[in-house]
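Here is a short tour of one protein model, written for someone who likes cut-offs spelled out. Have the viewer open and follow along.

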Amino acid sequence: MRHRISDTVFRFAKRWGVPALVLAGAGFASAPLEKPAWAAVKATLPELSAETLAETAGTGVVFGTLGGFRTVLADVAWLRAFHFWSERDLQSCEALADLARALDPQNYFFWEHSVNYVAFDFPSWIVSARGGRRVSPQVRAEIHRKAYERALELVAQMEKRFPGEGKVFALGAQVSNVKTPLIYGEPDFEPALAFYKKAMESRRAPWFAFLSYATIVKLHFPERVPETERYFREQLAAAERRGNAGRAKILAEALDELLRPETD
């Protein structure tokens, strides 16, 4: 099992690691351009914030004034958020990330990275600022609990913003898998299963949602294996009837994972 997980992680890192490094490098390389651009924006719109945008939502006042410039402004706001992220300035980073999403609410990149900031980076910074290992387990758990709740709030907003998008649910599952052990001392797989189930039933369902669901059920809820097997077989038959070879292949692999005996 450990080898299969390691292989999956390696494939994921191989596919996405280089683009992530390129994005990070682009962010640092753009730093000299970022400050003058942001200064010009602030001089033009000194009162702009996520709160003021929320107050005028539905009136068209701000968006009507900005027009197509709002996506450019959103990019500049995100560059500033990334700058403050690199300096571990939580309040400024969060405020600018909120502003970027408010200006360009259909930008999935902004939402996904905001969730990751809130769920993983911000609580780590808070614990570190309070003394790191000297912080009591109870206080650390509470910090992570609040971060988890806030991250799930963002995921819920994403579900409305990107209806039926499988990767939104997969993101919620991944956050749940990482955060619940930090809160409760051990994983709570129920939230992740619920998210993965939604991901499997959505459009453009991520392939790993099927395998993750099968693995969690097999290892932690063996009493659910029969019903999960029936579900996968029904979905496989439906995919084959529709001629959806890609989905059928993924379902067959998930079924194989579910029924394969563990050999450590």
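## Ground rules

Buried means under 20% relative accessible area, exposed means over 50%, and partly exposed is anything in between, using a 1.4 Å probe and protein chains only. By that yardstick, E153 is partly exposed at 45% relative accessibility.

This is a predicted model, where local features need pLDDT of at least 70, side-chain atom pairs count only at pLDDT 80 or more, and totals for chains, interfaces and linings use all residues. Residues are numbered from 1 along each chain as its sequence is written, and side-chain values use heavy atoms, with hydrogens and water left out.

## The overall picture

The protein has 13 helices and zero strands. Helices (H or I, at least four residues) and strands (E, at least two) are DSSP runs, numbered from the N terminus. Read from that end, the element string is simply α-α-α-α-α-α-α-α-α-α-α-α-α.

Of the 264 residues in the protein, 40% are buried. Take contact to mean heavy atoms within 4.5 Å. Among the protein's contacts with a separation of 6 or more, 67% are between residues 24 or more positions apart.

## Salt bridges inside helices

Side chains of opposite charge can pair when their charged atoms come close. The cut-off here: a salt bridge is a side-chain nitrogen of Lys or Arg within 4 Å of a carboxyl oxygen of Asp or Glu. The structure holds 13 of these salt bridges.

One of them joins E153 to R150, with the closest N and O atoms 3.4 Å apart. Both residues sit in helix α8 (residues 137-161), and because they are three residues apart there, about one helical turn separates them. R150 is partly exposed, at 23% relative accessibility. Helix α12 (residues 225-242) has a pair of its own: R233 and E229 are four residues apart, which also works out at about one helical turn. Their side chains meet in a salt bridge at 3.0 Å, N to O. R233 is partly exposed with a relative accessible area of 42%, and E229 is partly exposed at 22%.

## A bridge between loops, and a network

Which parts of the chain does the E165 and R204 pair tie together? The side chains of these two residues form a salt bridge at 2.6 Å, N to O. E165 lies in the loop between α8 and α9 (166-184), and R204 in the loop between α10 (189-200) and α11 (207-220), so the pair ties together parts that are 39 residues apart in sequence. E165 is buried at 7% relative accessibility, whereas R204 is exposed at 58%.

Setting aside neighbours within four places in sequence, E165 is in contact with S202, R203 and R204. R204 has a backbone quirk too: its phi is near 50 degrees, a positive value in a residue other than glycine. Elsewhere, K218, D256, E257 and R260 are linked in a network of salt bridges.

## Around the start of α6

R88 is in the loop between α5 (69-86) and α6. Its phi is positive, about 60 degrees, although R88 is not a glycine. The residue is exposed, with a relative accessible area of 53%.

S92 belongs to helix α6 (residues 90-103) and is partly exposed at 21% relative accessibility. Its side chain makes a polar contact with the side chain of D89 at 3.0 Å. A polar contact is a pair of N or O atoms within 3.5 Å; within protein, one must be able to donate a hydrogen and the other to accept it, and residues adjacent in sequence count only if both atoms are side-chain atoms. S92 and A81 are eleven residues apart in sequence, with their C-alpha atoms 6.9 Å apart in space.

## How α12 packs on α13

How do the axes of α12 and helix α13 (residues 245-259) cross? They come within 9 Å, at an angle of roughly 160 degrees. Axes are lines fitted to C-alpha atoms, for helices over the stretch in contact, and angles run from 0 to 180 degrees between N-to-C directions. The two helices are therefore roughly antiparallel to each other, a label for angles over 145 degrees.

The contact is made by residues including F232, L236 and A239 of α12 and L251, L255 and L258 of α13. E229 and R233 are also among the α12 residues making this contact.

Key. Parallel < 35°, antiparallel > 145°, perpendicular 65-115°, else oblique.
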